[in-house]
Amino acid sequence: MGVSYVSDKLERSPVVTCNAPYGFFPTKNAKFYTYPEKIVLQPWRGQHHIYAVFKIPQGYQYEYLFRLKIPGEPIHCGGLVPVEENVIAGIPRKQGYYLVRGYLNTRIALNLIFQGKINQLQQSQNWQLGYVKK
């Protein structure tokens, strides 16, 4: 019965595909990349508790999806939401930057954790967000 409950919970939220036509900017101009300031992995708290917080310079637009690249795994993507608070979980807002939070689907994270890849999930160089000049 417990497996049925967990399975039901994991099936509710859709997985973001990296092939979404709106997800990444096709540009001939310079594209920059950033890595998260903080990564939160708390799947036992339910949906929306696996995310990374990125800093983007003012005057730049971030892509609509971020990439999670773990060696030996397909690339996973997640959606982004701007952060409204002045300080988020110990990350002070730095002058000239704004924060965005990138959410990874809980099902994907749990799958990676069960495969023993939690250390790779915690490494910021595996999370990547592109941005371009507005």
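Which residue does a disulfide join to Cys18? The partner is Cys77, with the two sulfur atoms 2.0 Å apart. This comes from a predicted model.

**The disulfide**

A disulfide is a covalent bond between the sulfur atoms of two cysteines. The count here comes to 1 disulfide. Cys18 sits in the loop between α1 (2-10) and β1, while Cys77 belongs to strand β6, so the bond ties together parts that are 59 residues apart in sequence. The angle about the S-S bond is 115°, and the link of Cys18 and Cys77 is right-handed. Are its two ends buried or exposed, or partly exposed? Cys18 is partly exposed, at 23% relative accessible area. Cys77 is buried, at 2%.

**Salt bridges**

Side chains of opposite charge can pair when their charged atoms come close. How many salt bridges does the structure hold? There are 3. The table gives each pair with its N to O distance.

| Positive partner | Negative partner | N to O distance |
|---|---|---|
| Lys31 | Glu63 | 2.8 Å |
| Arg67 | Glu63 | 3.8 Å |
| Lys117 | Glu73 | 2.9 Å |

Start with Lys31 and Glu63, whose side chains meet at 2.8 Å. This pair links distant parts of the chain, 32 residues apart. Lys31 lies in strand β1 (residues 31-34), and Glu63 lies in the loop between β4 (60-62) and β5 (65-68). Glu63 also meets the side chain of Arg67. Lys31, Glu63 and Arg67 are therefore linked in a network of salt bridges.

How accessible are these three residues? Lys31 has 24% relative accessibility, so Lys31 counts as partly exposed. Glu63 has 0% and counts as buried. Arg67 has 16%, and the cut-off for buried is under 20%. Arg67 therefore counts as buried.

Now take Lys117 and Glu73, which form a salt bridge with their closest N and O atoms 2.9 Å apart. This pair, too, links distant parts of the chain, 44 residues apart. Lys117 is in the loop between α2 (106-114) and α3 (118-121). Glu73 is in the loop between β5 and β6 (76-82). Lys117 counts as buried, because its relative accessibility is 16%.

**Helix α2**

At the start of α2, a side-chain oxygen of Asn105 reaches to within 2.8 Å of the backbone nitrogen of Arg107. Which residues in α2 are buried? They are Thr106, Ile108, Ala109, Leu110 and Leu112. An α-helix has 3.6 residues a turn, so residues three or four places apart point the same way. Gly116 follows α2 and has a positive phi, near 85°.

**Nonpolar cores**

The largest nonpolar core has 22 residues. Which of them have the most contacts inside it? They are Leu104, Leu121 and Trp127. Several elements each supply at least two residues of this core: β2 (38-41), β3 (50-57), β4, β5, β9 (97-103), α2 and β10 (127-133). Strand β3 gives the most, with 4 residues. A second, separate core has 6 residues, including Val40, Tyr51, Val83 and Leu99.

**Putting it together**

Two kinds of link connect distant parts of this chain. The disulfide of Cys18 and Cys77 ties together parts 59 residues apart. The salt bridge of Lys31 and Glu63 links parts 32 residues apart. For Lys117 and Glu73, the separation is 44 residues. Helix α2 supplies at least two residues of the largest core, and Leu110 is one of the buried residues in α2.

Note on methods
Residues are numbered from 1 along each chain as its sequence is written. This is a predicted model: local features need pLDDT of at least 70, side-chain atom pairs count only at pLDDT 80 or more; totals for chains, interfaces and linings use all residues. Side-chain values use heavy atoms; hydrogens and water are left out. A salt bridge is a side-chain nitrogen of Lys or Arg within 4 Å of a carboxyl oxygen of Asp or Glu. Buried means under 20% relative accessible area, exposed over 50%, partly exposed in between (1.4 Å probe, protein chains only). A polar contact is a pair of N or O atoms within 3.5 Å; within protein, one must be able to donate a hydrogen and the other to accept it, and residues adjacent in sequence count only if both atoms are side-chain atoms. A disulfide is a pair of cysteine sulfur atoms within 2.5 Å. A nonpolar core is a set of buried Ala, Val, Leu, Ile, Met, Phe, Trp, Tyr and Cys residues joined through side-chain atoms within 4.5 Å.
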